[in-house]
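This report describes the internal cavities of a protein model and the surroundings of its ligand. The structure is shown first, and the findings follow under short headings.

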Amino acid sequence: MPGKPLRALLIEDNPIHARLIQKLLEDVGSYAVELTTRGSLSEGLESLGNGEGLDVVLLDLVLPDSQELDTYFRVRTAVPEMPIVILSGIDDVKLASRAVEAGAQDYLVKTSLDAHTLGRSIRYAREITHAQRTEWDSPSFRLAQQQFLKAAELMDLDDNLRQRLLFPQRTQIVSFPFRRDNDDEVETVFGYRVQHVLSMGPTKGGIRYHPEVNLGETGALAMWMTWKCALVQLPFGGAKGGVRFDPTDFSRRELQRLTRRFTSEIIGMIGPDKDIPAPDMGTDEQTMAWIMDTYSQQVGYTVPAVVTGKPVVLGGSEGRSEATGRGVVYVVEEAARRLEMDLSGATAVVQGFGNVGSNAARFFDELGVKVLGVSDVTGGIFNPRGLNLPDVLEYTRQHRFLEGYPEAEAVTNEELLELQCDILAPCAMQGQIHAGNADKLRCRILAEGANGPTSLEADEILQDRGVYVLPDILANAGGVTVSYFEWVQDTQNYMWSLDQINERLRTILVGAYQRMAERAESNGYDMRTAALVEGISRVREAKLSRGLFP
Ligand code: NAD
């Protein structure tokens, strides 16, 4: 058994169980474990206080001086970064899912424990923690993993699959130079392309230009793309890409140079049958046109299907540019039908006024929903009588940002989220709704146009307060759905009309909504978990049918 032994602290009051676990650890085989055992939480916490160099905590939840999740939270507070594997006598799937949701790396039931499972769980707990401390470290990746682990626990996902799906399959990190308009200056930026699951067909996912892009965020977005494509039953695995810089600081010529260079850096990964980028934050139709052109130049002929979300004249699809916002509204309409809520005269607030937010606001307005407030990176605007949406859109066409719009009151982005309304649609960034503001939201429906806008803690608060959450992987799936239509049209050299696109989009989103809502009802899940379980189940089925190579 080569290598340094792994140092574990077992907090367990039952000496028979402690001996059993010690014995199992001796049988792990692939690595040695140096085990220290403590019989109560206070003794355990004392050891953790002095316990430099520990690798993992193995924790029983029911101890003489502490019970159930309280035990976990007290240890987690003492050692926020430590991998914790729960070894519990309580075989309760809800408790297990709450524990992993709260950040425990695994939850194993002692009565069905064997050396192999324990050894693997500890090894994987360390790997997750290590990854979370390195390039993968980002709140979004933690959120995506915890959401996945919670769903996996509830659906009793096979351990192999759980481990395979917890990290993306393929990743490329590039750093590359490009010339600023001032010819003397060359800048170097970091870019990423991440493919989460390769088993479902080509991978699919947007490219983001933003100053906070990193590997973890890109990985989280790729993982969400997998579940989203599977939930709406598209033949794609999830991917995502991004470049870490602020596009608002760059001229169009600089953006073109940067985009072309990034494309050539990741050219080995993308392709119409391999991985198909699309727009995301900071990128648009023009960016896709440059990617398509660069790719086509390299292979020597025109390949429209290498990207989606490109201009219609280059083989883009009718309806793609507004599809994500349109999809948000279709899903809200379907939810309102189920909730028997009349949307005519209902009110909405939209955070983010880019591609997704401005279109969602426009379609709400066209439906007769009064849009009271919208916002962008410069702040929000609010009019209790309802905004004149065409006028606001015209204002942003002229001034780029909402700041200074005269016919409304200025509010901050935080205040905007707390406005009283029937539908709140966060369509900007991740991490906007959290433990600090979830109890202040005053909406009936939360329709997540953005990816990952809501933290796990906020999810619980919203559920307790009866807010009807339409999770991101459903609410913003309109974009990838019409991207799929675009890809199909490109590969068949055939064009569909806007009416055909919108009708097919509605059919697909309504079908996915119904599968999610029925699973939520029959299993007693919240909507997000139901949507994730739907998506993960499809990936599980595909992976099991394909088997393992070699
Ligand atoms: P975009 O760049 O077109 O617009 C982003 C908007 O958010 C802008 O109005 C910007 O000013 C605003 N914004 C940025 N930072 C903000 C902050 N801190 N607070 C408030 N507003 C802020 O991007 P987009 O394509 O509309 O994407 C928005 C979200 O929707 C992202 O989470 C993206 O991943 C998700 N999404 C986009 C698509 C798509 O087809 N474009 C599809 C699915 C999901």
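## Largest cavity

In this predicted model, 13 residues line the largest cavity, and those nearest its centre are Gln105, Asp106, Tyr124, Arg162 and Gln163. Two or more lining residues come from each of helix 5 (115-133), helix 6 (139-154) and helix 7 (159-165). Helix 5 provides the largest share, with four residues.

The space in the largest cavity amounts to about 120 Å³. By class, its lining consists of six nonpolar, three polar and four charged residues.

## Second largest cavity

The model contains two cavities of 30 Å³ or more. The second largest has a volume of about 50 Å³. Its lining is formed by Gln147, Lys150, Ala151, Leu456, Asp459, Asp526, Arg528, Thr529 and Leu532. At least two of the lining residues come from each of helix 6, helix 15 (456-464) and helix 19 (527-546). Three of the residues that line the second largest cavity are nonpolar, two are polar and four are charged.

## Ligand environment

The ligand is surrounded by 23 residues, the closest being Arg208, Asp280, Thr324, Val356 and Asn451. This shell comprises nine nonpolar, 10 polar and four charged residues.

Oxygen atoms of the ligand lie at short listed distances from polar protein atoms: 3.0 Å from a polar backbone atom of Gly282, 2.9 Å from a polar backbone atom of Asn355 and 2.8 Å from a polar side-chain atom of Asn451. Of the 830 Å² of accessible area that the ligand has on its own, the protein covers 85%.

Technical notes. Residues numbered from 1 in each chain as written. Predicted model: local features only at pLDDT ≥ 70, side-chain atom pairs only at ≥ 80, totals over all residues. Heavy atoms only, no water. Near = heavy atom within 4 Å. Polar contact = N/O pair within 3.5 Å; in protein donor to acceptor, adjacent residues only side chain to side chain. Areas by Shrake-Rupley, 256 points an atom, 1.4 Å probe, with all protein chains shown as cover. Nonpolar A, V, L, I, M, F, W, Y, C, P; charged D, E, K, R; others polar. 1 Å grid on protein atoms, 1.4 Å probe; cavity = no way out; pocket = protein on both sides within 12 Å on 5 of 7 lines; lining within 4 Å. Points joined across faces, edges and corners; volume = space filled by probe spheres on them.
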